[in-house]
Amino acid sequence: MTVQPWDNKKTNDETRKKLLKDRVLDLTLPPHNLNRIQISHMINRSVSTVHRVQRELVQEGKLQTTETGHLIRAAQPKLLRRFLDISKTDFLSIPSISRWKNSMDRDGVKNVPYIIVNFWKVCQTIDVHPDAFLLDIEEVIPLIEKFKVAFKSGKVVYIKKRQIDDPLKQSQASPEHYIESIRSFIKRNGKEIPEGELKVKRKQNKLYAQIRLNDNERMQGIKHFATFSNDLKTLFIIHNEIGPRSDTLFTMRPKFEKHTRTFEGIKCDWYKAYIYEKKQSQPYEKYILTPNARLIVSKLLPGKQIHHYTNIKKAKDEYNQKLRDFFAIIGKISGDPFEQAKYQKGTQEYYLVNDPTHAIRHSCIHWLMRITGNRTEEVSSLFWEQSDTLKIYARQQFEDMLEDDTCAMCKPDLNDQNYRRFCTLKHAIIYYNTNEEQRVKLREEKKWV
Ligand SMILES: [Zn+2]
């Protein structure tokens, strides 16, 4: 290994220190945006040294922090970084690639960097020039098969570590987004794709991927329902927390078990709820995590319904109507019943109007996915026997991908406070048992940021 300039004994101490500090600054900021561990590897120093140098840089005004002490660096998510990396190579200047990109840009195609990065990964993985995909279809198909094999065994370049760690999951994953990028590249270069070849499976129930409330909307909902009655507020809070089907929500007589554990020095509470659902024979275990829901549950009587309605049909109608009103207030649908009746089947709006309780169930699943680091298998065990159903929810939107590596507890994204994600369930539980002051203190102590 070559000697790093700051390790060169021939240079005087002062200069070496300055060289090291400049390098840390460089690696901290865009386009590198490295974390302390990564920087520590790059400069051959301990993480605490990196930390110390960054503090000095803050004092010198070369790095900025937020009020809570987080380093500010222009956000540069992984995907865009990868795209910029590719921009520096010759890839984008290959005529077929630039023709493709221009054509997509012209048509206002969304997520162009994402599509290009995927195609680039395909070419890298099987080591071919992009133009190999513009040959006759007989030549192209073996290439795609080769890629699929590499994909199933987790050998795609720059694939997420999580996926490599789980070969079974990877072997069952779908390479659709890669196939889609190949298809787009071929078609926009003016080549025909014969009927039946390179088919991309229609995304099943893509709609569910969009039906969800963010944290702010959920809080707004609680306030909205609280203005009517304690029963409606309770229904909304519990519904969002555990996502039961409508029948279950109104007829269940859950029992709750309080759990307390200390994580990272913080005493944390949650409840385990035992609930029967009609479609399944055994009781389901659900978890009550958020402060609002814990407070409600602490006041509920075990083995009793969670509301006082005697007419269930009337209760459902009332709750559904209040949900529609709420969706209108937050701008998801029109508040005018005539407009509501006009929504086309298959649209999000139609779904929100016609099946508002099920919409909350979807929203709850989305929430559970994002607070558990998208752990499909575990979340599905709380809802269905088969995890396949949950793949719909795991399909991320572009904006989600950009937030993939954030955790509101240990790696908060100050730009996105409405749709909090957590790296692990444990961090979610700590978050839901602390106030902001405690969190800031904890992050400092644990050197998380
Ligand atoms: Zn975390």
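The following exercises, with worked solutions, concern a predicted model.

**Exercise 1. The sheet**

Determine the order of the three strands in the open sheet, and state which strands stand at the edges and why one side of each is left without a neighbour.

*Solution.* Step 1: the open sheet has the strand order 1-2-3, and its pairing is antiparallel. Step 2: strand 1 (255–263) and strand 3 (284–288) each have a single partner strand, so they stand at the edges and one side of each lacks a neighbour in the sheet. Step 3: from one strand to the next, the twist averages 30°.

**Exercise 2. Strand 1 and strand 2**

Describe how strand 1 is joined to strand 2, and name the bridge partners of histidine 259 and arginine 261.

*Solution.* Step 1: strand 2 covers residues 266–275 and runs antiparallel to strand 1, with nine bridges between the two. Step 2: histidine 259 has tryptophan 270 of strand 2 as its bridge partner, while arginine 261 is bridged to cysteine 268 of strand 2. Step 3: the two strands form a hairpin with two residues between them. In the turn, glutamate 264 has a positive phi of about 50°.

**Exercise 3. Phenylalanine 256**

Decide whether phenylalanine 256 is buried, partly exposed or exposed, and describe its surroundings.

*Solution.* Step 1: phenylalanine 256 lies in strand 1. Step 2: a residue needs 20 or more C-beta neighbours within 10 Å to be buried; phenylalanine 256 has 19 inside 10 Å, and therefore counts as partly exposed. Step 3: this fits the strand, since the count of buried residues among the nine residues of strand 1 is zero. Step 4: leaving aside residues up to four places away in sequence, phenylalanine 256 touches Tyr271, Ala273, Ile288, Val297 and Pro302. Step 5: isoleucine 275 is 19 residues from phenylalanine 256 in sequence, and their C-alpha atoms are 9.2 Å apart in space.

**Exercise 4. Helix 2 and helix 3**

Classify the crossing of helix 2 and helix 3, and list the residues that make the contact.

*Solution.* Step 1: the axes of helix 2 (residues 36–43) and helix 3 (residues 47–59) come within 8 Å and cross at roughly 105°. Step 2: angles of 65 to 115 degrees count as roughly perpendicular, so helix 2 is roughly perpendicular to helix 3. Step 3: helix 2 contributes Arg36, Ile37, Ile39 and Ser40 to the contact, and helix 3 contributes Val47, Val50 and His51. Step 4: these contact residues comprise four nonpolar, two polar and one charged.

**Exercise 5. Helix 5**

Compare the expected span of helix 5 with the distance between its end C-alpha atoms.

*Solution.* Step 1: helix 5 (residues 95–106) has 12 residues, which at 1.5 Å a residue should span 16 Å. Step 2: its end C-alpha atoms are 16 Å apart, in agreement with that span. Step 3: glycine 108, which follows helix 5, has a positive phi near 65°.

Technical notes: Residues are numbered from 1 along each chain as its sequence is written. This is a predicted model: local features need pLDDT of at least 70, side-chain atom pairs count only at pLDDT 80 or more; totals for chains, interfaces and linings use all residues. Two strands pair if DSSP finds at least two bridges between them. Helices (H or I, at least four residues) and strands (E, at least two) are DSSP runs, numbered from the N terminus. Axes are lines fitted to C-alpha atoms, for helices over the stretch in contact, and angles run from 0 to 180 degrees between N-to-C directions. A residue is buried if 20 or more other C-beta atoms lie within 10 Å of its own, exposed if 12 or fewer, and partly exposed in between; C-beta atoms are placed from the backbone. Two residues are in contact if their C-beta atoms, placed from the backbone, lie within 7 Å. The expected span of a helix is 1.5 Å times one less than its number of residues. Angles under 35 degrees count as roughly parallel, over 145 as roughly antiparallel, 65 to 115 as roughly perpendicular and the rest as oblique. Ala, Val, Leu, Ile, Met, Phe, Trp, Tyr, Cys and Pro count as nonpolar, Asp, Glu, Lys and Arg as charged, and the others, Gly among them, as polar.
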